[in-house]
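Biologist: I am new to this structure. Could you walk me through how to read it?

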Amino acid sequence: MATVFSGIQPTGEVHLGNYMGALRQWVKLANEGHDCTFSVVDCHAFTLPYAAADLPKRVFETAVAVLSTGLDESKVNIFVQSDVPEHTELAWYLSCVAPMGELGRMTQFKEKGENKDSVGTGLFTYPVLMAADILLYRATLVPVGHDQLQHLEFARDVARHFNHRFKREVFPEPKPYPLTLRIRGTDGNEKMSKSRGNTIAMLDSQATIWKKLKGAFTDPERTTLEKPGRPSVCNIFTMHGVVTPAATVTEIEANCQNATIGCGACKKVLAESLETELTPIRSRAAALNAEPERVTELLKVGAERCRARAKETMAIVKDAAGVRGALSRP
Ligand code: AMP
Ligand code: TRP
């Protein structure tokens, strides 16, 4: 059994990119009985400007979305990152072994820092905090979307550098979950992302989902029904691959390629698959929203369990690094 860690930022509505790229794999791994820890990573949200007054609501909504996917709270740890201060503490120790040159090559830093007069250091060192999130639990398996693979590779390097410097196997090297997806937005082009306004929210109503799907871009070269389509470049087909039964996916692929199914009909099938998949999630979210104290309680329990584990790792880290202040002397 693997030790699994992953996180999601509380930066807006959880969308189908998050669900298909990450949360769905979280549920699968939890159901398989792995030791799973998932976090609403609020400290990561500090890297870009935001309205402080809105953050508690966003953290809560993100936690509800995560819980509503069907994760069994008695088996997995779900917590808010800032409840476990060891994340930021470990990030400092790791930053001292993390190669700066590699940070400069991170595509997400280049994208997010682009065209800004000034950016905070945290945006640059963000992958160090992400490495700390993972290594604090000595996780071995990390289910994330395609956009996070570079950061995960960085976390592996940091683990290796730390172990090498202190000549001890303190951290295992975390591996990505083998399925890494990149879901594009309704523009059919860019990654589905909260900042791009091209999302379909996981908790959108069925009517809203259909409205957004109807307007979503498909293969740009399929300008008429008679023209064969190219499923491999169509985002609708990528989503079918995640939520539609395999036999239907094969049929849709063939029918698109020989122009016997149009984009409208193909989207209808996707809307049905999404309805089957998301209806139970929406009802669990409604139940959780009706009981906010229960959500808070679950997050508290999760944070307490994680703090205990985090303290254990920090003791090992400090011992390896020879860090011992007066308070921890016998
Ligand atoms: P974020 O909202 O950036 O915190 O992302 C949370 C998780 O969702 C991460 O594992 C991301 O890689 C994943 N994710 C976000 N957007 C997409 C997307 N468009 N396609 C696939 N995975 C995604
Ligand atoms: N950086 C990730 C994102 O933006 C979120 C994240 C933070 C994360 N810490 C993590 C994902 C640790 C996996 C493991 O999507």
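Biologist: Which domains does the domain assignment give the protein chain?

Modeller: First, a caution: this is a predicted model. The assignment gives domain 1, residues 3-183 + 292-321, and domain 2, residues 204-286. Domain 1 is thus written as two segments.

Biologist: What separates the centres of domain 1 and domain 2?

Modeller: Taken over C-alpha atoms, the centres are 31 Å apart.

Biologist: How many residues of each domain are in contact?

Modeller: Domain 1 brings 11 residues to the contact, and domain 2 brings 11.

Biologist: How do I read the size of such an interface?

Modeller: The general idea is simple. Interface size is often given as the accessible area lost when the parts come together. In this model, about 1,000 Å² is buried between domain 1 and domain 2. Carbon and sulfur atoms give 68% of that area.

Biologist: Now the ligands. Which residues come nearest to ligand 1?

Modeller: Start with the shell, the residues within 4 Å of the ligand. Ligand 1 has 18 residues around it. Gln9, Gly145, Asp147, Ile183 and Lys194 come nearest.

Biologist: Which elements give two or more residues to that shell around ligand 1?

Modeller: Strand S1 (3-8) and helix H1 (16-31) do. H1 gives the largest share, with 4 residues. By class, the shell around ligand 1 holds 6 nonpolar, 8 polar and 4 charged residues.

Biologist: Where do N or O atoms of the protein approach ligand 1?

Modeller: Look for N or O pairs within 3.5 Å. The side chain of Lys194 has an N or O atom 2.8 Å from an oxygen atom of ligand 1. For the side chain of Asn18, the distance to a ligand 1 oxygen atom is 3.1 Å. Met192 uses its backbone: an N or O atom there is 3.0 Å from a nitrogen atom of ligand 1.

Biologist: How much of ligand 1 does the protein bury?

Modeller: Alone, ligand 1 exposes 480 Å², and the protein buries 92% of that.

Biologist: Which residues come nearest to ligand 2?

Modeller: Read it the same way. Of 13 residues around ligand 2, the nearest are Gln9, Tyr126, Met130, Asp133 and Gln148. Gln9 is also among the nearest residues to ligand 1.

Biologist: Which polar atoms approach ligand 2?

Modeller: A polar side-chain atom of Gln9 is 3.0 Å from an oxygen atom of ligand 2. The side chains of Tyr126 and Gln148 approach nitrogen: Tyr126 at 2.4 Å, Gln148 at 3.0 Å. The protein covers 91% of the 370 Å² that ligand 2 has accessible on its own.

Biologist: Which element supplies the largest share of the shell around ligand 2?

Modeller: Helix H7 (121-135), with 4 residues. S1 also supplies at least two. The classes are 7 nonpolar, 5 polar and 1 charged.

Technical notes
Residues numbered from 1 in each chain as written. Chains lettered and ligands numbered in written order. Predicted model: local features only at pLDDT ≥ 70, side-chain atom pairs only at ≥ 80, totals over all residues. Heavy atoms only, no water. Polar contact = N/O pair within 3.5 Å; in protein donor to acceptor, adjacent residues only side chain to side chain. Areas by Shrake-Rupley, 256 points an atom, 1.4 Å probe, with all protein chains shown as cover. Nonpolar A, V, L, I, M, F, W, Y, C, P; charged D, E, K, R; others polar. Domains from an automatic or database assignment. Contact = heavy atoms within 4.5 Å. Buried area = accessible area lost by both parts, 1.4 Å probe.
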